[in-house]
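User: I would like to learn how to read a single residue in a model and then step back to the whole chain. Can we work through one case?

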Amino acid sequence: MKAVVFEQYKTAPSLRDVAKPTPGPGEVLLKVAGAGACHSDVAVFRDFDEQFGPPQLKPSFVLGHENSGWVEELGEGVSGFTVGDAYLVYGPAGCGHCRACSRGQDTYCENAATMPYLAMGLGRDGGMAEYVVVPARNLVPLGDADPVAAAPLSDAALTPYHAIKKSLPALGGGGRFALVIGLGGLGQIAVQILTALTGATVIATDAKQDAMDRARANGAITVPGGPDQAEAIRAATGGRGVDAVFDLVGVDATIALAMSVVAIRGRATIVGIGNGTFTWNFYTAPYEAELANTYWGTVEELYEVVDLYRAGKITPEVEIFALDDALEAYRKLEAGELSGRAVVAPHGR
């Protein structure tokens, strides 16, 4: 079968023929419907090397940690699945028996340091291929929903959904404000999730006008970048500040922006892995304001994300590519030429 393989650090992946996988005990073989191309993939093959990066991400392996597909074959001991049914794949893969994994939070597996991989497509062969093998417990049913467009939900929606759920106490009640910084794939869905889950006024900001236009179409108030950005955001809240900030970028400037506009007793969550830093000071940070980070989400939350998707509450913006064009999808992702999430559909749509 064809697959997009990460073979060498600091080198773009390659499209080549590999053996079709066979499901082992407790596993399911999926015929891949869609595989999302994510900036995390780019970090794997552009930024990491032998000295920098998790040891579980050493080459080589098939990329693709945002996956959906149709059941093709069941491994030994697996039941309750029907061949041909569509599922979304929960990407993280922990040990399965520690306290974190037992509550479905494989992202915070207590044995992560000894695991041979981090997730599907992150150390373990992923779904940027014609077929992928996944643990049966990682499958979330899609029913009759479009599985191709659903693929990015397993990260681009689950990641902001988890961050937003953690911040719901700050958004409860009337007159609350939420801010989304960075309106790429995750940011656009974050706006939709905030609208679906809260009554808060959603403010969105980005350097790209077209990105802000799309966020505005989903109900957000938009504020452009520039020297007056923080002042304009505060003005939109009546000067009080933002109750919950979600930074989908995570560089020095965006973290500083988040902390400059968060309200007293508010919460700023850094979701983007931009490797930024922030210097906290008692006299400049708002009283009792929280600064937190999160990583991905739980499998239970992915079920909730799928519920929102099937109800039409969230709709990921996708650009579909054939598997033969997967490397072009990554090129466009790196070049910033995508208006939505790139999704590779190996078997068409």
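User: In which strand is isoleucine 320 found?

Analyst: In this predicted model, isoleucine 320 belongs to strand S17, which covers residues 318–321.

User: Is isoleucine 320 buried, partly exposed or exposed?

Analyst: Relative accessibility decides this: under 20% is buried, over 50% is exposed, and partly exposed lies in between. Isoleucine 320 has 34%, so it counts as partly exposed.

User: Which residues is isoleucine 320 in contact with, leaving aside neighbours within four places in sequence?

Analyst: A contact needs heavy atoms within 4.5 Å. On that basis isoleucine 320 touches Val148, Val343, Ala345 and Arg349.

User: How far apart are isoleucine 320 and valine 344 in sequence and in space?

Analyst: They are separated by 24 residues in sequence, while their C-alpha atoms are 5.9 Å apart.

User: Now the whole chain. What share of contacts between residues at least 6 apart in sequence join residues at least 24 apart?

Analyst: The share is 69%. The chain contains eleven helices and 18 strands, and 54% of its 349 residues count as buried.

User: How does the radius of gyration of the chain compare with that of a compact globule?

Analyst: The reference value depends on the number of residues. For 349 residues a compact globule would be near 20 Å, and the chain has 20 Å, so the two agree. Along the principal axes, the C-alpha atoms fill a box of roughly 60 × 40 × 40 Å.

User: What does the chain expose, and what part comes from carbon and sulfur atoms?

Analyst: The exposed area is about 14,800 Å², with 50% supplied by carbon and sulfur atoms.

Methods. Residues are numbered from 1 along each chain as its sequence is written. This is a predicted model: local features need pLDDT of at least 70, side-chain atom pairs count only at pLDDT 80 or more; totals for chains, interfaces and linings use all residues. Side-chain values use heavy atoms; hydrogens and water are left out. Helices (H or I, at least four residues) and strands (E, at least two) are DSSP runs, numbered from the N terminus. The radius of gyration is taken over C-alpha atoms; the globule rule is 2.2 Å times the number of residues to the power 0.38. Buried means under 20% relative accessible area, exposed over 50%, partly exposed in between (1.4 Å probe, protein chains only). Accessible areas come from the Shrake-Rupley method with a 1.4 Å probe; for residues, only the protein chains shown count as cover.
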